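Let's take a friendly walk through a protein model, from its overall build to a few residues. Please keep the structure open while you read.

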Amino acid sequence: QVQLLESGGGLVQAGGPLRLSCTVSGRTINGYDMGWFRQAPGKGREFVAGIQWDGDYSRYLDSVRGRFTISRDDGKNMVYLEMNSLQPDDTAVYYCNFLESWGSSGGIFAWGQGTQVTVSS
């Protein structure tokens with residue numbers, strides 16, 4: 001059974017940074033494309049960032065490109081999201097998941113609890 005455990009969220013002032021971590025258990029992330037998603041209050045879940053299985057390519061939601069960086073550590077079975085210059089519109093619960101395919105914006109497995117990111121203005 002695959003479990004996804006997100007952590008690192010919190011309350012931060014606009015312009016500040018946060019680093020999110022995703023610990024995966026039950027399946028190796030080696031060989032899989034991974035992604036971060038978020039869901040803001042009253043909105044649907046949206047794709048934020050993806051990293052290809054070999055770490056060579058990444059892609060981002062337009063509004064976060066240049067501010068967020070996704071990375072992975074296959075040895076630790078973890079995925080990270082470095083977030084800088086945070087804005088109030090980034091306030092959401094953040095989730096990680098295996099990507100259905102490189103071009104997909106959907107996750108494969110059941111969602112974890114997520115980690116809350118709140119950006120104050």
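The report below moves from the whole chain to its strands, its disulfide, its core and some loop residues.

**Overall build**

Please keep in mind that this is a predicted model. The protein chain contains zero helices and ten strands, so its elements, read from the N terminus, run β-β-β-β-β-β-β-β-β-β. The radius of gyration is 13 Å, close to the 14 Å given by the globule rule for 121 residues, so the protein chain is as compact as a globular protein of that length. Taken along the principal axes, a box of roughly 40 × 25 × 25 Å holds the C-alpha atoms.

How much of the chain counts as buried? Of the 121 residues, 45% do. The surface that the protein chain exposes comes to about 6,100 Å², and carbon and sulfur atoms supply 46% of that area. As for contacts with a separation of 6 or more, 57% of them are between residues 24 or more positions apart.

**How the strands pair**

Several strand pairs can be followed by eye, and the table lists four of them with one residue pair for each.

| Strand pair | Sense | Bridges | Residue pair |
|---|---|---|---|
| Strand 1 (residues 3-7) and strand 3 | antiparallel | five | Leu-5 and Thr-23 |
| Strand 3 and strand 8 (residues 78-83) | antiparallel | six | Ser-21 and Tyr-80 |
| Strand 4 and strand 5 | antiparallel | six | Gln-39 and Arg-45 |
| Strand 4 and strand 9 | antiparallel | six | Phe-37 and Tyr-95 |

Strand 3 appears twice here: five bridges join it to strand 1, and six bridges join it to strand 8. Strand 4 also has two partners in the table, with six bridges to strand 5 and six to strand 9.

Strand 4 deserves a second look. Is it enclosed or open? Five of its six residues are buried, so strand 4 is largely enclosed by the rest of the structure. Together with strand 5, strand 4 forms a hairpin, with five residues between the two strands. In the turn of this hairpin sits Gly-42, whose phi is positive at about 75°.

**The disulfide**

The structure holds one disulfide. Which residues does it join? The link runs from Cys-22 to Cys-96, and the S to S distance is 1.7 Å. Distant parts of the chain are connected in this way: Cys-22 belongs to strand 3 (residues 18-25) and Cys-96 to strand 9 (residues 92-98), and the two are 74 residues apart. The link is right-handed, with 45° about the S-S bond. Cys-22 has a relative accessible area of 0%, so it counts as buried. Cys-96 is buried too, also with a relative accessible area of 0%.

**The nonpolar core**

The largest nonpolar core has 28 residues. Which of them touch the most other members? They are Val-24, Trp-36, Phe-68, Ile-70, Leu-81, Met-83 and Tyr-94. Many strands feed this core: at least two residues each come from strand 3, strand 4 (34-39), strand 5 (45-51), strand 7 (68-73), strand 8, strand 9 and strand 10 (115-120). Strand 3 and strand 9, two of these contributors, are also the strands that carry the disulfide cysteines.

**Three residues in loops**

Most residues other than glycine have a negative phi. Two loop residues with positive values are therefore worth a visit.

Asn-77 is one of them, with a positive phi of about 60° although it is not a glycine. Its place is the loop between strand 7 and strand 8. Is Asn-77 buried or exposed? Its relative accessible area is 13%, under the 20% limit, so Asn-77 counts as buried.

Ser-85 is the other, with a positive phi near 50°. Ser-85 lies in the loop between strand 8 and strand 9. With a relative accessible area of 38%, Ser-85 is partly exposed.

The last stop is Arg-65, in the loop between strand 6 (58-60) and strand 7. Arg-65 is partly exposed, at a relative accessible area of 49%. From C-alpha to C-alpha, Arg-65 and Val-48 are 9.1 Å apart in space, while 17 residues separate them in sequence.

Definitions and conventions: Residues numbered from 1 in each chain as written. Predicted model: local features only at pLDDT ≥ 70, side-chain atom pairs only at ≥ 80, totals over all residues. Heavy atoms only, no water. Disulfide = S-S within 2.5 Å. Helix = DSSP H or I, 4+ residues; strand = E, 2+ residues; numbered from the N terminus. Buried < 20%, exposed > 50% of the residue type's maximum accessible area, 1.4 Å probe, protein only. Pairing = 2+ DSSP bridges. Rg over C-alpha atoms; globule rule 2.2 N^0.38 Å. Contact = heavy atoms within 4.5 Å. Areas by Shrake-Rupley, 256 points an atom, 1.4 Å probe, with all protein chains shown as cover. Core = buried A, V, L, I, M, F, W, Y, C linked by side-chain atoms within 4.5 Å.
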